[in-house]
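Please walk through the structure shown below. The paragraphs that follow take up individual side chains, then the sheets, then the ligand.

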Amino acid sequence: MTKLINSDLVAAQNDKQLQALQADYDHLAVQLARRGVDIVAITERAKVFQVAVPSWGTGTGGTRFARFPGIGEPRNIFEKLQDCSVINQLVCCTGSVSPHFPWDKVDDFSELREAADDLGLAFDAINSNTFQDQPSQPLSYKYGSLTHTSEAVRAQAVAHNLECIEWGKALGSTALTVWIGDGSNFAGQSHFQRQLERYLESARTIYAALPDEWSLFLEHKMFEPAFYSTVIQDWGTSVLCAMELGEKAKSLVDLGHHAPNVNIEMIVARLIQFGKLAGFHFNDSKYGDDDLDSGSLHPYQQFLIFNELVDAEYRQQPGFNPAYMLDQSHNVTDPIESLINSAEEVQRSYVKALLIDREALYGFQESNDALMATNTLKAAFNIDVSPILAMARLQLGGAIAPLTSYRASGYRQSVAQQRPSTGESGSGIV
Ligand code: RM4
Ligand code: MN
Ligand code: MN
C-alpha cells in the first residue's frame, strides 16, 4: 500500500506527543471508570468508526461570487484520491471516498479502483449530477432534470443515473445518492403535483436498475439553485418518495439542507424508527447550505444527532446501518486540513454519544425528570474525549496530532510542485 506521508515522520511526531497523550489518557481512564465506563472498550469503538470523504471536498469550493483556488489542488480523481489517502493515513477513520459523476469520470474504472486500492481506499456512495450542464450534453437542465416537463430531458437525466450505477458497480460501491437541483424560482412556475409525479416516474426507472445489494439515497434540500421551491424540499417529501419507491430507497440527511432551527436530531429519530435513514452528509451551517466544517458552529447539535444514532445501536434497531459521509466546501482553508478536522469532529460526537448513561437517561425520561435527563446528555458532552480519539489513531497507525503531522510533512508544498495551477480546476464547486 502506498503511503504519501513519510511514516517515519509521523512516528517521530507521535514520539514527541506520546508521553503527554498517555498521561491524559490514563487520567481520563480514571474519570470514566468512576462512571462505570471502560476506556479501552470506548477506544475500540472509536477505532472502527468510519466517515467517508467527498471527492469534491478536496478542492477549494466557492460561492456564487468567486472561487479562490489554493495551491496544489487535485486536477482529477486520481489526485483527489491521493489527498483522501493522506487524510486517512493520519486520521484512520476515512477509508472510503464518495465520488461525483461526471466530475470524476474516467475511461478505465478498473484502473481507478486499483489506484484507490493501492492507496488503501474504497469507494462509498456514488453521486450523480444532473444539476449542471456538461459540455458534451445535448439537452439542458436549466428547467430541471429528473422532473423536467420534457420527456427527452428526463430520459437523459435517468440515463446518467443508470451509467452512474454501472460505474459504481465497477468501483465496488453499493449506493447511489441522488440530489437534484430541480425546483422553481417563481410562484406558479411549476405544478407541484405533476412535477413530483415526474420525479417518481424517473426515480422508479433508476430504482429498477439497482443491483440487489444496492441502496438509493434520496437527498433533500429546501433551496438552491431553485429559490422558490425545490422538488425534494424536505425529509417529508424525501421519505414519501423513498416509501413509494421501495425498500432500497432511503432518505439522506445533509445537515445544511434544512430550514433554520429545524430539529434535525428528531428527523433522524423518525427516519430510524421507520427504517428509512440512508445516512448523512455531515457539515455545519449558520444560514443554510453553507457547507462549513463539521462541528465548527454547532457541536452540540451534532452530538444530539449522534445521541439518536448511538441510541439506535444500543437498542439494536433492526436494519440500522447508516452511511456517514462528509459534504462540505472549503473556501479559505486547505481542504485536506478541513477534512481532517471534520472527520475528527464527527468521530468526537460519536464517541461522546457513547458515553451517555443511557439507562439513567431512560429512567429520567420515564419519571419526567427533565432536568436530570438533559444533564445526563450534558455530562457526556462535557467530557473532552480527545485522548480517546488520539489513542485510537495511534493504535491504528495514524497520527496523534493529524494536523501537526500534516503541516510538518510539507505535503501541500510538494503537490504544488507536481500540480501546477492550470487556471481552472476539476475540483471544488462554484
Ligand atoms: C449539494 C448537495 C449534494 C452535493 C452537491 C455538490 O448541495 O449537498 O450532496 O452533491 O451539493
Ligand atoms: Mn450533500
Ligand atoms: Mn449541500
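A polar contact is a pair of N or O atoms within 3.5 Å; within protein, one atom must be able to donate a hydrogen and the other to accept it, and residues adjacent in sequence count only if both atoms belong to side chains. The model is predicted, and the distances below are to be read as values computed from it. One such contact involves arginine 154, whose side chain reaches the backbone oxygen of histidine 148 at 2.8 Å. Arginine 154 sits in helix α5, which spans residues 151-171. Is arginine 154 buried or exposed? Its relative accessibility is 10%, and buried means under 20%, so arginine 154 counts as buried. With neighbours within four places in sequence left aside, the contacts of arginine 154 are Ser145, Leu146, Thr147, His148, Thr149, Arg198, Glu201 and Ser202. Histidine 148, the partner in the polar contact, is thus found again in this list.

A second buried polar residue is found in helix α7, residues 235-245, where threonine 237 has its place. Threonine 237 has 12% relative accessibility and therefore counts as buried. Its side chain and that of glutamine 233 are joined by a polar contact of 2.8 Å. Apart from neighbours within four places in sequence, threonine 237 is in contact with Leu196, Val231 and Ile232.

The sheets come next. In one of them, six strands form an open sheet with parallel pairing, in the order β4-β5-β7-β9-β10-β11. Its edges are β4 (126-127) and β11, each with a single partner strand, so one side of each has no neighbour in the sheet.

Within this sheet, strand β10 covers residues 277-282, and six of its six residues are buried, so the strand is largely enclosed by the rest of the structure. Which strands pair with β10? One is β9, residues 249-254, which runs parallel to β10 and is joined to it by four bridges. Valine 253 stands opposite phenylalanine 280 of β10. Between β9 and β10 the chain passes through helix α8 (residues 264-273), in a β-α-β crossover that is right-handed.

The other is strand β11, residues 323-326, which pairs with β10 in the parallel sense, again over four bridges. Here phenylalanine 280 has tyrosine 324 as its bridge partner, and phenylalanine 282 has leucine 326. Helix α9 (residues 299-314) carries the chain from β10 to β11, and this β-α-β crossover is also right-handed. Helix α9 lies across both β10 and β11 and runs at about 160 degrees to β10.

Isoleucine 264 shows how one of the crossover helices is placed. This residue belongs to helix α8. At 3% relative accessibility, isoleucine 264 counts as buried. What does isoleucine 264 touch, not counting residues up to four places away in sequence? The residues are Val253, Leu255, His258, Gln301 and Ile305. Val253 is the residue that stands opposite phenylalanine 280 in β10. A residue further along the chain gives a contrasting picture: the C-alpha atoms of isoleucine 264 and glutamate 345 are 81 residues apart in sequence and separated by 18 Å.

Another open sheet has three strands, in the order β1-β2-β3, with parallel pairing. Its edge strands are β1 (53-54) and β3 (122-123), each of which pairs on one side only. Strand β2, residues 96-98, pairs with β3 in the parallel sense over two bridges. In this pairing, serine 96 has alanine 122 of β3 as its bridge partner.

The ligand remains. How many residues surround ligand 1? There are twelve, and the closest are His100, Glu219, Lys221, His257 and Asp327. A polar side-chain atom of histidine 100 lies 2.7 Å from an oxygen atom of ligand 1. For aspartate 254, a polar side-chain atom is 3.1 Å from a ligand oxygen, and for histidine 281 the corresponding distance is 3.2 Å. Aspartate 254 brings the account back to β9, residues 249-254, and histidine 281 to β10, residues 277-282.

Note on methods: Residues numbered from 1 in each chain as written. Chains lettered and ligands numbered in written order. Predicted model: local features only at pLDDT ≥ 70, side-chain atom pairs only at ≥ 80, totals over all residues. Heavy atoms only, no water. Buried < 20%, exposed > 50% of the residue type's maximum accessible area, 1.4 Å probe, protein only. Pairing = 2+ DSSP bridges. Right-handed = clockwise from strand over helix to strand, strands pointing away. Contact = heavy atoms within 4.5 Å. Axes fitted to C-alpha atoms, helices over the stretch in contact; angles between N-to-C directions. Near = heavy atom within 4 Å.
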